[in-house]
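Q: Could you pick one part of this structure and take a close look at it for me? I'd like to know what it's made of, what it touches, and how it ties in with the rest.

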Amino acid sequence: MRKEAVLKALRVGLRTDPALVDVRGDVVHVGAPGSLSVRAQVRDLQLGPGLSGAVAVSSSDVAVGAGEGGLVVVQHDGADLLATLAGR
């Protein structure tokens, strides 16, 4: 999930093989060693048992309004809202 999130943030999607993406640090490496290196931030989403997800932003996006700590992800449970809308 983390690799896919980075590829989407870089606007290349799955045209780039996720096996070529290294997301272990603050600097994301895409491709063979020494090729494209970009700064991105990746955060895992807490979705519950058996579910996984991640969100990523590229460095150009992180600088806008991210503040001192960088990317902050706030999750909200929309189940109640969806149930209300479904009951209309």
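A: Sure, but a definition before anything else: helices here are DSSP runs of H or I with at least four residues, strands are E runs of at least two, and both are numbered from the N terminus. Also keep in mind that this is a predicted model. The part I'd pick is helix H1, residues 2-9.

A bit of context to start. The protein chain has 3 helices and 4 strands, and from the N terminus on they run α-β-β-β-β-α-α. Of its 88 residues, 25% are buried. The accessible surface adds up to about 6,300 Å², with 56% of that belonging to carbon and sulfur atoms. As for contacts between residues at least 6 apart in sequence, 30% of them join residues at least 24 apart.

Now the buried side of H1. Ala5, Val6, Leu7 and Ala9 are its buried residues. Take Ala5, which sits in H1: its relative accessible area is 9%, so it falls under the 20% cut-off and counts as buried. What does Ala5 touch, once neighbours within four places in sequence are set aside? The list is Ala54, Val55 and Ala56. Strand S4 covers residues 53-58, so by the numbering those three contacts of Ala5 fall within S4. Pro18 makes a useful reference point too: Ala5 and Pro18 are 13 residues apart in sequence, and their C-alpha atoms are 9.9 Å apart in space.

That leads to the core. The largest nonpolar core has 13 residues, and Val6, Val21, Val23, Val28, Val42 and Ala56 are those with the most contacts inside it. Two or more residues each come from H1, strand S2 (27-30), S3 and S4. H1 gives the largest share, 4 residues. As a general point, nonpolar side chains in soluble globular proteins tend to be buried together. Ala56 turns up twice in this picture, as a contact of Ala5 and among the core residues with the most contacts.

H1 also has charged residues, and they bring in the salt bridges. How many does a search of the whole structure find? There are 2. One of them stays inside the helix: the side chains of Lys8 and Glu4 meet with an N to O distance of 3.6 Å. Both residues lie in H1, 4 residues apart, which is about one turn of the helix. In general, an α-helix has 3.6 residues a turn, so residues three or four places apart point the same way. On accessibility, Lys8 is exposed because its value of 55% is over the 50% cut-off, while Glu4, at 31%, is partly exposed.

The other salt bridge reaches out of the helix. Arg2 and Asp44 meet through their side chains at 3.1 Å, N to O. This pair links distant parts of the chain, with Arg2 in H1 and Asp44 in strand S3, 42 residues apart. Both ends are partly exposed: Arg2 has a relative accessible area of 27%, and Asp44 has 43%.

Since S3 is the partner strand in that bridge, a quick look at another of its residues is worthwhile. S3 spans residues 36-45 and includes Gln41. Gln41 counts as buried because its relative accessibility is 17%, under the 20% limit. The side chain of Gln41 also makes a polar contact with the side chain of Arg43, at 3.2 Å.

Finally, what comes after the helix? H1 is followed by Arg11, whose phi is positive, near 65 degrees. Most residues other than glycine have a negative phi, and Arg11 is a residue other than glycine with a positive value. Arg11 lies in the loop between H1 and strand S1 (21-22). With a relative accessible area of 61%, Arg11 is exposed.

For contrast, look at the other end of the chain. Helix H3 takes in residues 79-86, with Leu85 among them. Leu81, Leu82 and Leu85 form a nonpolar patch on the surface, with about 310 Å² of accessible area together. Leu85 itself is partly exposed at 41%, whereas Leu7 in H1 is one of the buried residues.

Definitions and conventions: Residues numbered from 1 in each chain as written. Predicted model: local features only at pLDDT ≥ 70, side-chain atom pairs only at ≥ 80, totals over all residues. Heavy atoms only, no water. Patch = residues over 30% accessible without salt bridge, like charges linked within 9 Å, V, L, I, M, F, W, Y side chains within 5 Å. Areas by Shrake-Rupley, 256 points an atom, 1.4 Å probe, with all protein chains shown as cover. Salt bridge = Lys/Arg side-chain N within 4 Å of Asp/Glu carboxyl O. Buried < 20%, exposed > 50% of the residue type's maximum accessible area, 1.4 Å probe, protein only. Polar contact = N/O pair within 3.5 Å; in protein donor to acceptor, adjacent residues only side chain to side chain. Core = buried A, V, L, I, M, F, W, Y, C linked by side-chain atoms within 4.5 Å. Contact = heavy atoms within 4.5 Å.
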